[in-house]
Structures are given as structure tokens and as C-alpha cells.
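Subject: Structure handover

Hello,

Here is the structure you are taking over. Please open it next to this message and follow the notes below.

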Amino acid sequence: MLFTILLLLITILALLLRYSGRSRDNEPPLDKGLIPWLGHALEFGKDAAKFLARMKNKHGDIFTVCVAGQYITVLLDPNSYDDVLYDTDSFDSRRSKGLLMEKVFSLVLPSDNPEKERKWMEGHFQGVGLDKLQSSMDSHLRDLLLADQRGCGTAQWREEGLFDLCYGLLFRAGYLTMFTRDENADAVYKQFRNFDKLLPKLARSSLKGEDKKSVTSSQESLWQLLAPALLEGGRDAGCWQESYQRYLGEAGVDAETQRKALLMHLWTTQVRLEPSCFLSGHSVTSLSLALSRSLALSLFTHRPSHNVAQTTAHSVLRETLRLTAAAFISREVMADGKKLGVSGGLEYCLRKGDKVLLFPFLCPQMDPEIHQQPESFRYKRFLNDDMSEKRIFYKGGSRLKHYNMPWGAERKGCVGKQFAISTVKMFVFTVLRHLELEMCEPSDPLPQFNPQRYGFGMLQPIGDLQVRYRFKRN
Ligand code: HEM
């Protein structure tokens, strides 16, 4: 008993010393918060964007905050992002990624060869692999939509939330594409939706009572549904799921861990598409009122025939992603005293073991100096007056390389970027082609986004926008 109390006191003392002993020269401004160890954890978890914007106003583009015992240096200067993203010796992504994987997916994977893993992913999501994925996604989207039509008469109007419509259709099509299966999709969707809803709280260890039971139950059901044994005999021997299992097997990963890894990858590859389609779907539905349905449709064919349609469609998509892509990009500092420069010529020293966090959502995406009225959706934001793509944006008088960063670092960021772009376009095209779709209340504003999802890929709306639709007669 005495020993336990002594150990507890020593731990508290060590934490307090660590907490108070940070005053070296040339370090970023430190904001520890009022509560020892906990620091700013509560405010950060509640609405990270609001909290970080407050800190930016107080300290500038770089500062260190304490969040539940972890020191996080937040960098909000897009001109310095590449110094972190491309210096993989000094800033390592594996530990942060590993901790999150363990907490959310109960998954520990051998990460001895990130280059090999990246190459394997590129083989599937780019080049020939991409063509295969795109055509499979295209036919699944169409088949699912038309299967729904068989269940009801063509003249019958239906009402549904737009986000629900996007999520249900895209998730099932994405699952069927990646796992090449034609069963289970509805059961996987139901459990996945619940798991995804509770994921931010799971990651922050703030789940309580019923929610805790519910997330555990969905996670276990998903492991069962995705279990390699159940999925054996997929129709396509070269499909992504089969190849991923082989890749993991060769790395010595057992079957139990493989199914956890399948869930983690299902989440990484699916969960960002739905919000993009929700907002693109909303803007195109509104645009088709303002322009004409056939013009709106022509923007989203797979290969728009003329440049204006292509640049306009890309501008809609870029604007959608600017408003919804809100991932944290997190790295660990590998060397004590590592120097990091920011605009204006100042240079700061970082500490080994601290986390460096980039949050492109706040800057550049929502920075009013870069994008006027950043909260509003302007589909022409990324177009010049002559309708060519707008690539020149400034901050503080200097031209910016990064003015919109939904995909993370260019060469080392999202490996599924091309697939994601083509899927959003395919989705909007398929829906417009087969459905007559209108807002139930055209004057309703877009719902607020859920502030607890900052950091977890894409923002999702709280609530939904009701739409009315019926199938077109051919
Ligand atoms: C609009 C949709 C999407 C957005 C905005 C997006 C964005 C991102 C971002 C910001 C990252 C983290 C990059 C970093 O840490 O530097 C990422 C990682 C990743 N994305 Fe996407 N993504 C999307 C859709 C997809 C799709 C459809 C796939 C594949 C089917 C995909 C596959 C991946 C994979 C595998 C990673 C992990 C890469 C790694 O660990 O090196 N993404 N994505």
C-alpha cells in the first residue's frame, strides 16, 4: 500500500516537473492550460478548430500546447508544411499512426517497411489497378441504384436525407468494389455506420455506458463479417481484399490481426467519400436549379468533353474538399533541438518526442486572408475570370504553394486521390442521370458540421438535408 502511494506521488511529481520545466530559448510559445497534465484536452476534444483558431490568434502560426500529458507543437504556416512533410528522418509518422490504430482498431501491425507498403498501395489505387477499381465502382453504383428502383414504382416520389442517401449508396458500392462480394453489404453497412459515428469518441477515450457497449458490439460484428474465412472464394482472385491478405500473410500477420487490418483499411478508404458526395450533391442540385440540369450533368461525365466543363467540375470538387477535408497531419520529432523555420525568418527549436501537428483545414483552407468569406461555398472559387483553373493565391503578400490541401502532402499524401476524384464524379453523374432529385425545402441552409470530427478525415453534418427523388423513366 505504502509502495503504491509512493509510486503515485513520484509519478505525479515527474509529471509536474515535466509540465513546469519547459523554458528553453527559441522554442515555440508554450500554452499549458490551467489544469496540470490535462492541459487543453477538454477544449481540444470539443471543437479542435475553434480551439486552435483561438491559440493562433493568441500566439501566431506556431505554438506548443499540452493535451492530456502530450506536448503538441501546432504549425499553421503553409509555407513551412513541406519542411515537415518531406523530412521523414526528422519527423516520423509511424508512432502517431500506430497509436491511433491500436486505440481505434485494436490493431498492431509490423511497420518495418513503410516504403514497401506504400508501393503495394500504389499498385492497387493507381495505374492499371485504378482502371479496374473505377469500372467496378461504376457498375456497383449503377446496379445498387437500379436495384432500389425495382422495389418501387418509377412514378413514386421518396424522401430521404441527402447524407444518408450518399452514405448508403457509396459505402455499399465501395465495399463491394474492394471486397468483390455480392452478399453482406447491408449488414456491413449497418454496423460500419454505427462504428464510424462513435469513432471520434473512441479515439479520444471519451465513450461512456451504452455507447461503449455499442461500439464494441459493432466492431466485433464487423470483424466477424470481414473475417478472412467468410470472404474466401471472392469472385475475383486478384481483388484488393485478397491481395491485402496475401501481403499481410507474407509479413507474418496472423488471421485475427488480418481481419482487424481489413476493418482499418475499409475505414481509411471509404469514410471520406460520403461527405464529399453530400456537399457536391447539394451544390450540383442547387446549381442545376441555377444553370440547367443538362449543364450540371455535363460537368460530371467521366471525361467532360470541353475544358470549361472540366475546370468547373474540378472547381466544385475543390471547393467541396476545402470546406470538408479536416484531417490532422501528425508527426513525431525524432531529434532534440531540431530547427523549424516559419514565414518572417523566425526559427524555432523542437524537442525530441513532441508531436508536430499540421492542420491545413484552418490554414490555408479556412484562412480569410487566402480565401474570402471562407465559410461560404463558392463553386467558382478555383476558377479565373476566363474559366481556367485558378492556381494563384497569396498570404501576407507572398504567393502560396499550398492554398488547398485536402490530400495531405502531394507525393506522400493520399494514395487513393485519383480513385476518390473519379468516384465523386461518378456518383454525382449516376444520381443525376437516373434520378429526378430536388431539395424538399430549397431555402434550408446546409446543416452545421459536427465539430467533434475535426482531425478524423472529413467533416460530417449534424442532421441532414431532406431530398425528394424518383427514378427517371427511360
Ligand atoms: C475525398 C476523399 C479523400 C480524401 C480527402 C483523402 C485524404 C487523405 C489524407 C489527407 C490522407 C493522409 C495523408 C497524410 O497522412 O499525409 C489520406 C491517406 C490515405 N488515403 Fe485518402 N482520401 C480520400 C479518399 C481515399 C480513397 C477513396 C482511398 C482508396 C480507395 C484512399 C486511400 C488512402 C490510403 C490508403 C491512405 C493512407 C496512406 C498512407 O498511410 O501512406 N483515400 N487520404
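**Cys414**

UniProt, in an unreviewed entry, lists Cys414 under "binding site". Please keep in mind that the model is predicted. Cys414 sits in the loop that runs between strand 11 (398-399) and helix 18 (417-434). Is Cys414 buried or exposed? Neither word fits fully: Cys414 is partly exposed, because 19 other C-beta atoms lie within 10 Å, and a residue needs 20 or more to be buried. Leaving out residues up to four places away in sequence, Cys414 touches Trp407 and Gly408.

**The other listed binding site residues**

The unreviewed UniProt entry also gives Lys103, Leu109 and Lys355 for "binding site". Two of these are described here.

Lys103 belongs to helix 5, which covers residues 94-105. With 13 other C-beta atoms within 10 Å, Lys103 is partly exposed; the exposed class stops at 12.

Lys355 is in strand 9 (residues 355-358). Lys355 has 20 other C-beta atoms within 10 Å and is therefore buried. Which residues does Lys355 touch, not counting those up to four places away in sequence? They are Gln70, Ile72, Thr73, Ser96, Ser330 and Glu332.

**The chain as a whole**

There are 18 helices and 13 strands in the chain. The chain has 474 residues, and 35% of them are buried. If you take the contacts with a separation of 6 or more, 73% of them are between residues 24 or more positions apart.

**Helix 8 and its two partners**

Helix 8 (residues 162-179) is described here with two other helices, beginning with helix 9 (residues 185-203). The axes of helix 8 and helix 9 come within 10 Å of each other and cross at roughly 120°. That angle is why helix 8 counts as oblique to helix 9. The crossing of helix 8 past helix 9 is right-handed. On the helix 8 side, the contact is made by Tyr167, Gly168, Phe171, Arg172, Tyr175 and Leu176, and on the helix 9 side by Ala185, Val188, Tyr189, Phe192 and Arg193. Sorted by class, this contact of helix 8 with helix 9 holds eight nonpolar residues, one polar residue and two charged residues.

The second partner is helix 13 (residues 255-270), which packs with helix 8 at an angle of about 125°, the axes being 11 Å apart. Helix 8 and helix 13 are therefore oblique to each other. Here too the crossing is right-handed, with helix 8 passing helix 13. Helix 8 contributes Phe171, Gly174, Tyr175 and Met178 to the contact, while helix 13 contributes Leu266, Thr269 and Gln270. How many residues of each class does the contact of helix 8 with helix 13 have? It has four nonpolar and three polar residues, and no charged residues.

**Backbone details around helix 17**

Look next at the peptide bond from Cys363 to Pro364: it is cis, with omega near 20°. Pro364 is part of helix 17 (residues 361-365).

The loop between helix 17 and strand 10 (394-395) contains Gln373. Gln373 is not a glycine, yet its phi is positive, near 40°. Gln373 counts as exposed because it has 9 C-beta neighbours inside 10 Å.

Met387 is in the loop between helix 17 and strand 10 as well. Met387 is another residue that is not a glycine and has a positive phi, in this case about 70°. Because Met387 has 15 C-beta neighbours inside 10 Å, it counts as partly exposed.

**Arg468**

The last residue in these notes is Arg468, found in strand 13 (residues 466-471). Arg468 has 15 other C-beta atoms within 10 Å, so it is partly exposed. How far is the C-alpha atom of Arg468 from that of Leu437, 31 residues apart along the chain? The two atoms are separated by 5.8 Å. Setting aside neighbours within four places in sequence, Arg468 is in contact with Trp157, Glu159, Glu438 and Cys440.

Regards

Note on methods
Residues are numbered from 1 along each chain as its sequence is written. This is a predicted model: local features need pLDDT of at least 70, side-chain atom pairs count only at pLDDT 80 or more; totals for chains, interfaces and linings use all residues. UniProt positions are given in the numbering used here, feature names are shortened, and annotations may be inferred rather than shown by experiment. Helices (H or I, at least four residues) and strands (E, at least two) are DSSP runs, numbered from the N terminus. Two residues are in contact if their C-beta atoms, placed from the backbone, lie within 7 Å. Axes are lines fitted to C-alpha atoms, for helices over the stretch in contact, and angles run from 0 to 180 degrees between N-to-C directions. Angles under 35 degrees count as roughly parallel, over 145 as roughly antiparallel, 65 to 115 as roughly perpendicular and the rest as oblique. A crossing is left-handed if the near helix is turned anticlockwise from the far one by less than a right angle, and right-handed if clockwise. Ala, Val, Leu, Ile, Met, Phe, Trp, Tyr, Cys and Pro count as nonpolar, Asp, Glu, Lys and Arg as charged, and the others, Gly among them, as polar.
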